[in-house]
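Visitor: I'm new to reading protein models. Could you walk me through this one?

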Amino acid sequence: VVLLAMMAFTVFDNEKSQERPIHQLRIYKVPKQNIEVFHARFRDHAHRIMKKYEFKIVSMWESRMDDTVEFVYLLEWKDKSQMENAWEKFMNDQEWKDIKKETSEMHGTFVESIEDRILILADYSPQTQQLKQ
C-alpha cells in the first residue's frame with residue numbers, strides 16, 4: 001500500500017512538473033553606437049511580430065558595463081515545443097526578414113552576440129509554489 005501511494009505521488013508530482021512553464025533568457029550584446037536603433041527595431045517591429053506567434057515576454061532590461069551594452073529579456077513558454085515552434089515561425093516571417101535586412105543595411109551590425117538560456121523552475125522557486133496552489 002505504501003509503495004502504491006509513493007508511486008501515485010511520483011506520477012502526480014511528474015504531472016505537476018510538466019505543468020510548469022519554462023523560461024528563456026536572451027542576452028544580446030549590442031554595439032553602443034546602435035543601441036537606440038536596436039531598441040527602435042525591437043520595440044516597433046520584433047516585439048509586434050513576436051506577439052503574432054504568441055511570444056510571452058515577461059520583462060526586458062538594458063545592462064551597461066564599461067563599453068558593453070546588453071539588451072536582456074525573459075520569455076515564458078508553456079513548454080519547449082511551443083518555444084521551438086514560435087521561434088521557427090518568427091525567424092521565417094517574411095516581414096521580419098525584410099526589416100532585419102533593411103535596418104542592417106542602414107545601420108550596420110545590430111547584434112554582436114546572443115546568449116540563449118533555457119531556465120527550468122526549481123521545485124522551491126516562489127513561482128513553483130504559486131503553481132501548486
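Guide: Here come some questions and answers about this predicted model.

Visitor: What order do the elements of the protein chain run in, from the N terminus on?
Guide: Let's start with the parts list: the secondary structure comes to five helices and four strands. Walk along the protein chain from the N terminus and you read off α-β-α-β-β-α-α-β-α.

Visitor: In what order do the four strands sit in the open sheet?
Guide: Just follow the bridges. Strand S2 (56-65) is joined to S3 by nine bridges, and another nine join S1 to S3. On top of that, eight bridges join S1 to S4. Put the pairs together and the order is S2-S3-S1-S4.

Visitor: Which strands stand at the edges of that sheet?
Guide: Look for strands that have a single partner strand, so that one side is left without a neighbour in the sheet. The strands that fit are S2 and S4.

Visitor: Which helix packs on the sheet and touches S1, S2 and S3?
Guide: This helix covers residues 35-52, and its direction makes about 170 degrees with that of S2. The one you want is helix H2.

Visitor: Is Gln 24 buried or exposed?
Guide: Gln 24 is found in strand S1 (residues 22-30). Eight of the nine residues of S1 are buried, so that strand is largely enclosed by the rest of the structure. For a residue to count as buried, its relative accessible area has to be under 20%. Gln 24 comes in at 2%, so the word for it is buried.

Visitor: Which side chains does Gln 24 join in polar contacts of 2.8 Å?
Guide: Start with who is in contact with Gln 24, leaving aside its neighbours within four places in sequence: the list includes Tyr 73, Met 83, Trp 87 and Asp 116. Then check for polar contacts between side chains. One of 2.8 Å goes to Trp 87, and another of 2.8 Å goes to Asp 116.

Visitor: What is the bridge partner of Leu 25 in S3?
Guide: S1 and strand S3 (residues 68-77) run antiparallel. Find Leu 25, look across to S3, and the bridge partner is Leu 74.

Visitor: How many residues apart in sequence are the parts tied together by Arg 48 and Glu 95?
Guide: Side chains of opposite charge can pair when their charged atoms come close. Here the side chains of Arg 48 and Glu 95 meet in a salt bridge, at 2.8 Å from N to O. Arg 48 lies in helix H2 and Glu 95 in helix H4 (residues 94-107), so the distance along the sequence is 47 residues.

Visitor: And how exposed is Arg 48?
Guide: To be called exposed, a residue needs over 50% relative accessible area, and buried means under 20%. Arg 48 has 38%, so it falls in between and counts as partly exposed.

Visitor: Which helix holds both Lys 80 and Glu 84?
Guide: These two form a salt bridge, with the closest N and O atoms 3.9 Å apart. They are four residues apart, about one turn of the helix. That helix covers residues 80-91 and is H3.

Visitor: What separates Glu 105 and Lys 101 in helix H4?
Guide: Glu 105 forms a salt bridge with Lys 101, the closest N and O atoms being 3.8 Å apart. Both residues are exposed. Because they are four residues apart in helix H4, the separation is about one helical turn.

How values were computed. Residues numbered from 1 in each chain as written. Predicted model: local features only at pLDDT ≥ 70, side-chain atom pairs only at ≥ 80, totals over all residues. Heavy atoms only, no water. Helix = DSSP H or I, 4+ residues; strand = E, 2+ residues; numbered from the N terminus. Buried < 20%, exposed > 50% of the residue type's maximum accessible area, 1.4 Å probe, protein only. Polar contact = N/O pair within 3.5 Å; in protein donor to acceptor, adjacent residues only side chain to side chain. Contact = heavy atoms within 4.5 Å. Pairing = 2+ DSSP bridges. Axes fitted to C-alpha atoms, helices over the stretch in contact; angles between N-to-C directions. Salt bridge = Lys/Arg side-chain N within 4 Å of Asp/Glu carboxyl O.
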